Amino acid sequence: MRIGHGYDAHRLVPGRTLVLGGVKIEFDRGLEAHSDGDVLIHALCDALLGAAGLGDIGEHFPDTDAAYRGADSRLLLRRVVETVHAAGLGVGNADLTVCAQVPKLAPHIGKMRERLAADLEVGPDQVNIKATTTERMGFVGREEGIEAHAVVLLT
Ligand code: MG
């Protein structure tokens, strides 16, 4: 068994579509990034790569590479899962936390879980997603950004 941890944060800005856990969410701001800015998937990719001892998402998909401009992070996640499988490892489970003061994420968690489980090629019971605010403290609380944490077990 191998354990991995991932963390990511992106700035909330006007004029971008908010995508979290592979789900487009109706909101007046989105996450600034070279890709689609899916901070939850980025944290998950880093946890997978970390558990496999394969570095981080920036090494695998450089943000200087035009190929990843506006990239659907689910495609990156599937590439990471392929890499993990190629290393002879499979996903045991993933536990994810997204910290956002706004918008309310609870209505979207089920769909995120289904989509990420599909990309990880596991059942939805192997992917847990939690959403929390930070009680208006820090950059998340000031609505300046959204952050995500991920822990993954590979077997
Ligand atoms: Mg990122």
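## Salt bridges

A salt bridge is a side-chain nitrogen of Lys or Arg within 4 Å of a carboxyl oxygen of Asp or Glu. In this predicted model, Asp28 and Arg29 meet that definition, because their closest N and O atoms are 3.0 Å apart. The two partners differ in burial. Asp28 is exposed, with a relative accessible area of 55%. Arg29 is buried, at 19%, because buried means under 20%.

Arg136 and Glu143 also form a salt bridge, with 3.5 Å from N to O. Arg136 is exposed, at 52% relative accessibility. Shared partners join Asp28, Arg29, Arg136 and Glu143 into one salt-bridge network. How many salt bridges does the whole structure hold? The search finds 8.

## A link between distant parts

Another salt bridge joins Glu32 and Arg11. Their closest N and O atoms lie 3.9 Å apart. This pair links distant parts of the chain, 21 residues apart. Glu32 sits in the loop between S4 and helix H1 (39–52). Arg11 belongs to strand S1.

Are these two residues buried or exposed? Glu32 counts as partly exposed, at 43% relative accessibility. Arg11 is exposed, with a relative accessible area of 52%.

## The sheet

Now look at the strands. An open sheet is built from 5 strands, in the order S4-S1-S7-S5-S6. The pairing is mixed. Which strands stand at the edges? They are S4 (29–31) and S6 (127–132). Each has a single partner strand, so one side of each is left without a neighbour in the sheet. On average, neighbouring strands are turned by 20 degrees against each other, direction ignored.

Strand S1 covers residues 2–14, and strand S7 covers residues 145–154. S1 and S7 pair in the antiparallel sense, over 10 bridges. Within this pairing, His10 has Ile146 in S7 as its bridge partner.

## The magnesium site

His10 has another role here: its NE2 atom is a donor of the magnesium ion. Which other protein donors does the ion have? They are Asp8, through OD, and His42, through ND1. The protein donors lie 2.0 to 2.3 Å from the ion. Along the chain, the donors follow the spacing D-x1-H-x31-H.

Two of these residues can be checked for burial. Asp8 has a relative accessible area of 17%. For His10, the value is 16%. Buried means under 20%, so Asp8 and His10 both count as buried.

## Helices H3 and H4

Where does helix H4 pack? H4 (residues 109–120) packs on the sheet. There it touches strand S5 (91–99) and strand S6. The direction of H4 makes about 145 degrees with that of S6.

H4 also packs with helix H3 (residues 73–86). The angle between H3 and H4 is about 40 degrees, and their axes are 8 Å apart. Which residues make this contact? From H3 come Arg74, Leu77, Arg78 and Val81. From H4 come Arg115, Leu116, Ala118, Asp119 and Leu120. By class, the contact of H3 with H4 has 5 nonpolar residues and 4 charged ones. It has no polar residues.

Notes
Residues are numbered from 1 along each chain as its sequence is written. This is a predicted model: local features need pLDDT of at least 70, side-chain atom pairs count only at pLDDT 80 or more; totals for chains, interfaces and linings use all residues. Side-chain values use heavy atoms; hydrogens and water are left out. Donors are N, O and S atoms within 2.8 Å of the metal (3.2 Å for Na, K and Ca); water is not among the atoms, so sites may look incomplete. Buried means under 20% relative accessible area, exposed over 50%, partly exposed in between (1.4 Å probe, protein chains only). Two strands pair if DSSP finds at least two bridges between them. Helices (H or I, at least four residues) and strands (E, at least two) are DSSP runs, numbered from the N terminus. Axes are lines fitted to C-alpha atoms, for helices over the stretch in contact, and angles run from 0 to 180 degrees between N-to-C directions. Contact means heavy atoms within 4.5 Å. Ala, Val, Leu, Ile, Met, Phe, Trp, Tyr, Cys and Pro count as nonpolar, Asp, Glu, Lys and Arg as charged, and the others, Gly among them, as polar.
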